[in-house]
Amino acid sequence: MSSLKQNSLLEGKTIEEVRGHIGSGAATAEDGVAGQFERVAALNQELHAFVSIIDPRGRDAPTGPLKGVTIAVKDLFDLEGFPTRAGSWATSSELKQESAPVVQALEGAGATVIGKTHTVEFAFGGWGTNPVLGTPWNPWDPIVHRVPGGSSSGSAVAVAAGLATAALGSDTGGAIRTPASY
């Protein structure tokens, strides 16, 4: 597995840390978002956190209090221009015309959505496995493919591996709490 070593000032930072670095001038929002995209492109094939990756290059520069913050979106939330598969091929491949309100709010505050993350099929399961679309790799063990836990497995791996500043998940029976403990 490729190195999970942090290569930029904003990788692996919390939202507040990203805001602090950008606010102090130590980093720019554009550099932070570009660095995260490069990290996703380099590591996603091995970690399998994202089902869809969104290239932020060519977009308007982020503005607002969350500029420079990258967000991974669990594939249960609608994202304009992408299907919501819920971890299954049995769902519609129709491209959504509008993003979920929470995604719209985050983008309105300046956050950059960097992709849609894998989930357990129909978010029904606690181990984080998906035999249909694949199971994300728990980044804390680069040698043994350990489960990441929860149905929000891709979102958990994205944050744990520094592929996104934060991620949207859902929690009915432990889908966020289980990966946090793994």
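Which residues in the largest nonpolar core touch the most other members? The structure considered here is a predicted model, and its overall form is best described before that core is examined.

The protein chain contains 5 helices and 4 strands. Followed along the sequence, these elements occur in the pattern α-α-β-β-α-β-α-β-α. The C-alpha trace spans about 45 × 40 × 25 Å along its principal axes. For 182 residues, a compact globule would have a radius of gyration near 16 Å, and the protein chain, with 15 Å, agrees with that expectation. Of the 182 residues, 47% are buried. When contacts between residues at least 6 apart in sequence are considered, 65% of them join residues at least 24 apart.

The surface can be described in similar terms. The protein chain exposes about 8800 Å², of which carbon and sulfur atoms supply 55%. It carries 13 positive and 18 negative charges, and the mean positions of these two sets are 4 Å apart.

The interior answers the opening question. In soluble globular proteins, nonpolar side chains tend to be buried together. The largest nonpolar core here has 20 residues, and those touching the most other members are L66, I71, V73, V103, L106, V113 and L168. Helix 1 (15-24), strand 2, helix 3 and strand 4 are the elements that each give two or more residues to this core. Apart from it lies another core, of 14 residues, which includes V40, L43, I114 and V157.

V73 offers a view of the surroundings of one core residue. With its neighbours within four places in sequence left aside, V73 is in contact with V103, V113 and L168, each of which is also listed among the core residues that touch the most other members. The remaining contacts of V73 on this basis are G115, K116, T117 and S155.

Where does S152 lie? This residue is in the loop between strand 3 (112-117) and helix 4 (153-160). S152 counts as buried because its relative accessibility is 2%, below the 20% limit used for that term. Not counting residues up to four places away in sequence, S152 touches K74, G169, S170, A175 and I176.

Two further loop residues draw attention through their backbone geometry. Most residues other than glycine have a negative phi. H48, although not a glycine, has a positive phi of about 60°, and A86, likewise not a glycine, has a positive phi of about 55°. H48 is placed in the loop between helix 2 (29-47) and strand 1 (50-53), whereas A86 is found in the loop between strand 2 (70-74) and helix 3 (101-108). Their accessibility can also be stated: H48 is partly exposed, with a relative accessible area of 25%, while A86 is buried, with a value of 10%.

Is T172 buried or exposed? T172 belongs to the loop between strand 4 (166-168) and helix 5 (177-181). Its relative accessible area is 79%, so T172 is exposed. T172 and T70 are separated by 102 residues in sequence, and their C-alpha atoms are 24 Å apart in space.

Notes. Residues are numbered from 1 along each chain as its sequence is written. This is a predicted model: local features need pLDDT of at least 70, side-chain atom pairs count only at pLDDT 80 or more; totals for chains, interfaces and linings use all residues. Side-chain values use heavy atoms; hydrogens and water are left out. The radius of gyration is taken over C-alpha atoms; the globule rule is 2.2 Å times the number of residues to the power 0.38. Buried means under 20% relative accessible area, exposed over 50%, partly exposed in between (1.4 Å probe, protein chains only). Contact means heavy atoms within 4.5 Å. Accessible areas come from the Shrake-Rupley method with a 1.4 Å probe; for residues, only the protein chains shown count as cover. Lys and Arg count as positive and Asp and Glu as negative; His and the chain ends are not counted. The place of a charge is taken as NZ of Lys, CZ of Arg, CG of Asp or CD of Glu. A nonpolar core is a set of buried Ala, Val, Leu, Ile, Met, Phe, Trp, Tyr and Cys residues joined through side-chain atoms within 4.5 Å.
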